[in-house]
Amino acid sequence: MIENPYSYVFPFVPELTKPIVSLISVGIEYRMGTEYYYDNKERMLNGYLFQYTLSGSGILCIGNNEYEIQPSQAFFIPIPSDTRYFCNLKKRERWEFMYFLIQSDFLREYYNLIVNKTSNIMTMDADSAPIQFLQEIINLTRNGHITNFNTASSLSFDFINRLYYHFMDNSENYSKRNREIMHYIDYHFADLDGIEKIAEMYNISLSHLSREFARDTGISPVKYLTRVRIKNAKRLLQTTQLSISEIGKLCGYNQTNYFCKVFRENVGQSPTQYRNYIN
């Protein structure tokens with residue numbers, strides 16, 4: 001049972017007209033009765049809501065379909081949308097949940113990939129990486145450790161990444177060729193000029209390779225290469241004092257400006273901002 005419910009709405013940042021990621025609010029709450037009811041058709045928001053049930057149950061309506069959201073289940077929905085959620089009046093029980101409300105056009109592709117794989121309703125253990133991290137974000141906010149927009153933005157993207165990896169990284173079910181391609185990219189990301197070389201290795205067309213790779217993984221091989229490069233760049237930013245230019249080159253980016261652009265697009269911060277935040 002939640003003894004100390006908590007919600008926090010992050011302040012608006014007027015100097016940023018189109019931030020890549022905005023964390024609107026997070027919290028851990030309990031609700032009961034008719035006072036908790038949201039119809040998302042005309043809500044004045046442009047974002048995504050993730051809500052995870054700890055105990056009790058609630059109701060989510062998508063169009064004309066109604067679903068009971070039980071413990072260890074979450075729903076992930078865009079706002080605005082033809083959705084509604086409210087307490088389960090039939091069971092007359094308290095609905096206890098954690099929630100995460102984020103605004104970002106940039107995350108639409110992540111959202112679509114996750115929902116296409118899982119549907120809007122997903123089951124997750126309380127000790128799974130995304131749920132543990134959401135609890136950590138709530139605790140950090142409650143204790144006053146998230147005090148600026150950049151920190152909240154970085155944590156927001158990290159949460160979506162953990163959610164993405166939780167549902168999308170099931171590589172044991174991939175084809176032998178796609179596992180080999182992933183392994184090759186993992187070890188040769190720094191000197192790969194593109195994916196064409198890999199297609200030549202298997203004597204198949206680039207379009208066929210990309211189509212088959214995306215069918216298993218949900219992303220193109222080019223995007224997988226970018227993901228591996230950014231992951232290694234983050235590691236080097238955390239563990240070394242190498243310059244941004246040197247790190248970019250070690251991760252396959254010979255032009256520092258382009259490296260910074262790709263890094264910001266994927267992380268929500270520049271390499272320098274990320275290093276300062278980590279340290």
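Q: Two strands pair if DSSP finds at least two bridges between them. With that rule in hand, how many bridges join β5 to β8?
A: Some ground rules: this is a predicted model, where local features need pLDDT of at least 70, side-chain atom pairs count only at pLDDT 80 or more, and totals for chains, interfaces and linings use all residues. Residues are numbered from 1 along each chain as its sequence is written, and side-chain values use heavy atoms, leaving out hydrogens and water. Helices (H or I, at least four residues) and strands (E, at least two) are DSSP runs, numbered from the N terminus. C61 stands opposite R84 in β8, β5 and β8 run antiparallel, and the number of bridges joining them is five.

Q: What is the average twist from one strand to the next in the sheet that holds β3, β8, β5 and β6?
A: This sheet is open, has four strands in the order β3-β8-β5-β6, and its pairing is antiparallel. Its edge strands, β3 (37-39) and β6 (65-69), each pair on one side only. For angles, axes are lines fitted to C-alpha atoms (for helices over the stretch in contact), and values run from 0 to 180 degrees between N-to-C directions. From strand to strand, the twist averages 15°.

Q: Which residue of the turn between β5 and β6 has a positive phi?
A: Five bridges join β5 (residues 58-62) to β6, and the two run antiparallel. Going along that ladder, L60 has Y67 as its bridge partner, while I62 has N65. The two strands form a hairpin with two residues between them, and the one with a positive phi, about 60°, is G63.

Q: How many of the five residues of β5 are buried?
A: Buried means under 20% relative accessible area, exposed over 50%, and partly exposed in between (1.4 Å probe, protein chains only). By that cut-off β5 is mostly covered, and its buried residues number four.

Q: Now the six-stranded sheet: by how many degrees are its neighbouring strands turned against each other on average?
A: This one is open too, with antiparallel pairing in the order β1-β2-β9-β4-β7-β10. β1 (6-9) and β10 (121-123) stand at the edges with a single partner strand each, so one side of each has no neighbour in the sheet. Ignoring direction, the average turn between neighbouring strands is 20°.

Q: Which residue of β9 stands opposite L49?
A: β4 and β9 (residues 95-103) run antiparallel, with seven bridges between them. Across from L49 in β9 you'll find L101.

Q: At about what angle does helix α2 run to β2?
A: Contact here means heavy atoms within 4.5 Å. Helix α1 lies across β4, β7 and β10, at about 135° to β7. Helix α2 (residues 129-142) lies across β1, β2 (22-31), β4 and β9, and its angle to β2 is about 95°.

Q: How far apart are the end C-alpha atoms of helix α7?
A: The expected span of a helix is 1.5 Å times one less than its number of residues. Its buried residues include Y224, L225, V228, I230, L236 and L237. Helix α7 (residues 221-239) has 19 residues, so it should span 27 Å, and in agreement its end C-alpha atoms are apart by 27 Å.

Q: Which residue forms a salt bridge with K41?
A: A salt bridge is a side-chain nitrogen of Lys or Arg within 4 Å of a carboxyl oxygen of Asp or Glu, and by this rule the count comes to nine. In one of them, K41 has its closest N and O atoms 3.7 Å apart from those of D82. K41 sits in the loop between β3 and β4 (47-55) and D82 in the loop between β7 (73-79) and β8 (83-87), so the pair ties together parts 41 residues apart in sequence. K41 counts as exposed at 52% relative accessibility, and its partner, partly exposed at 42%, is D82.

Q: How many residues apart are K223 and E109?
A: Their side chains meet in a salt bridge, 2.2 Å from N to O. The pair links distant parts of the chain, K223 in helix α7 and E109 in helix α1 (residues 108-118), and the separation in residues is 114.

Q: Which helix holds both K261 and E265?
A: The side chains of K261 and E265 meet in a salt bridge at 2.8 Å, N to O. K261 counts as partly exposed at 46% relative accessibility, and E265 is partly exposed at 33%. Being four residues apart, they are separated by about one helical turn of helix α9.
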